[in-house]
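Reader: I have the structure open on my screen and would like to go through it slowly. Where shall we start?

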Amino acid sequence: MADISEAISAFWNQRQKGGVPDGYAENLDPDDGFRIQIAVQELHDRDGDGRIGWKVAATNPAVQQQLGIDEPAFGSLRRSRCYDNGHELSLAGLVKPYAECEICFEINDNIIDAVTIEDVRRSLTKCFPAFELIEKRVPMSDFAGAMADNAEHTAIVLGKGIEIPFDLDFSTLECRLTVNDEVIGMASGTAVLGNPLNSILWLKERLKRYGAVISPGSLIMTGSFLRQHPISEGDRFLAEFSGIGSVEFQGVK
C-alpha cells in the first residue's frame, strides 16, 4: 500500500463524499485502517468538529454474522453528528442508511485506572437510550477500508440521560425496537459482549494498540442489541430500554 501519510490525506480529502478513495480499496491492512480513522478524526478535531467519544461496533454475534466479520471494531463520534431525541434524519445523500439500538454511556475519570467490569461501572456518569445511524459506504468485505471510513458511522441520536441506578444490571436490561408501530425485535444486554460494560473494557484495551485513550467526559456507544435495520423515508424508529427510557427518530426526505 502507499505511505500511511498519503492515505490519511486521501481519506481526509474524501471526507465529504465518504467511502474509500481511488487506489485504496482492498489495499489496506486492518491496523492501517484504524490508524487512518484516528488520524482523520484528529484532522476533524483541528477543523472544529471534535471527537466527543467512541462507538464500539459489531459486539453482537447477530451483527457480526450480518456484516460477515468475527470481532468488534471501533469508530469516532463527532460533535456535529450528535442529535437529540425525536430527530428528523434527512436521508438525502445517505448511502443505504441503517439504525442500531444501543446504550450510550458518559465516562468519568475513573476510566483511567479501570481494569475490571466493576471498575468500568464506577467510571459511568450517565447512560442514555440511543440509536446509532450508519451507512453502507464501504463493503465490509473490505474491512480495513470500512474502518478507515469510520466503521460505517454517520450519527447518533440520544434520549434523555439518567444517573445510573445502583441495582441496574446491564446484562439483563431489555431493549424493544419498534418501527412504524411494528415490533421488530427484543433483546437483552447479554447480546452485547455478554454485558454492554464489556464493550468499554474491550475498547480501552484495543485503543492502546493505536496510542489512543478514552478521555474522561467521553460518550461511548456500546453496540447494538439487535441486527442493523434499514431506514426508509417516513420510517419512525422507537427503542425502549427497561430501566433507562426510550429514544426515537424519523427518516425524512
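Author: Let us start with one facing pair: isoleucine 134 stands opposite histidine 153 in strand S7, and helices (H or I, at least four residues) and strands (E, at least two) are here DSSP runs, numbered from the N terminus. Please keep in mind that this is a predicted model, in which local features need pLDDT of at least 70 and side-chain atom pairs count only at pLDDT 80 or more, whereas totals for chains, interfaces and linings use all residues. Residues are numbered from 1 along each chain as its sequence is written, and side-chain values use heavy atoms, with hydrogens and water left out.

Reader: In which sense do S6 and S7 pair, and over how many bridges?

Author: S6 and S7 (residues 153–158) are antiparallel, with five bridges between them; two strands count as paired if DSSP finds at least two bridges between them. S6 also runs antiparallel to strand S5 (residues 97–107), and there 11 bridges join the two. In that pairing, glutamate 102 stands opposite alanine 130 in S6.

Reader: And is S6 mostly covered or mostly open?

Author: Mostly covered, since S6 spans residues 124–135 and 10 of its 12 residues are buried, where buried means under 20% relative accessible area, exposed means over 50%, and partly exposed lies in between (1.4 Å probe, protein chains only).

Reader: Ok, hydrophobics next. Which residues touch the most other members of the largest nonpolar core?

Author: Those are Phe131, Phe170, Ile200, Phe225 and Phe241, in a core of 74 residues. A nonpolar core is defined here as a set of buried Ala, Val, Leu, Ile, Met, Phe, Trp, Tyr and Cys residues joined through side-chain atoms within 4.5 Å. The element that gives the most to this core is helix H6 (residues 196–208), with six residues. Another core lies apart from it and has nine residues, among them Leu77, Ala130, Ile156 and Leu219.

Reader: What does isoleucine 200 touch?

Author: Leaving out residues up to four places away in sequence, isoleucine 200 touches Phe105, Ile107, Ile111, Val120, Leu124, Ile214, Ile220 and Thr222, a contact being heavy atoms within 4.5 Å.

Reader: Then how many residues of H6 are buried, and what covers them?

Author: In H6, 10 of the 13 residues are buried, including Trp202, Lys204 and Arg206. Among the elements that cover these buried residues are strand S1 (51–57), S2, S5, H4, S6 and S10.

Reader: Arginine 206 catches my eye, so which residue does arginine 206 form a salt bridge with?

Author: Its partner is glutamate 71, with the closest N and O atoms 4.0 Å apart; a salt bridge here is a side-chain nitrogen of Lys or Arg within 4 Å of a carboxyl oxygen of Asp or Glu. The pair links distant parts of the chain, 135 residues apart, as glutamate 71 sits in the loop between helix H3 (61–67) and strand S2 (73–78). Arginine 206 counts as buried at 15% relative accessibility, whereas glutamate 71 is partly exposed at 31%.

Reader: How many salt bridges does the count come to?

Author: The count comes to 11. One of them joins aspartate 31 and arginine 209 (3.4 Å, N to O), which are 178 residues apart, aspartate 31 being in helix H2 (residues 30–46) and arginine 209 in the loop between H6 and strand S10 (219–221). Aspartate 119 and arginine 122 also meet in a salt bridge (2.5 Å, N to O), and because these two are three residues apart in helix H4 (residues 117–122), they are separated by about one helical turn. Glu135, Arg137 and Asp149, for their part, are linked in a network of salt bridges.

Reader: Last topic, empty space: which residues lie closest to the centre of the largest pocket?

Author: Arg15, Gln16, Arg78, Arg81 and Arg137 are the closest, out of 29 lining residues, and the pocket holds about 590 Å³ of space. On a 1 Å grid over the protein atoms alone, a pocket is an open set of points with protein on both sides within 12 Å along at least five of seven lines, a cavity is a set of points where a 1.4 Å probe fits but cannot get out, and lining residues have an atom within 4 Å of a point. Grid points are joined across faces, edges and corners, and a volume is the space filled by probe spheres set on the points.

Reader: And how many cavities of 30 Å³ or more are there?

Author: One, with a volume of about 90 Å³. This cavity is lined by 14 residues, and Lys55, Ala57, Ala58, Leu67 and Glu152 lie nearest its centre.
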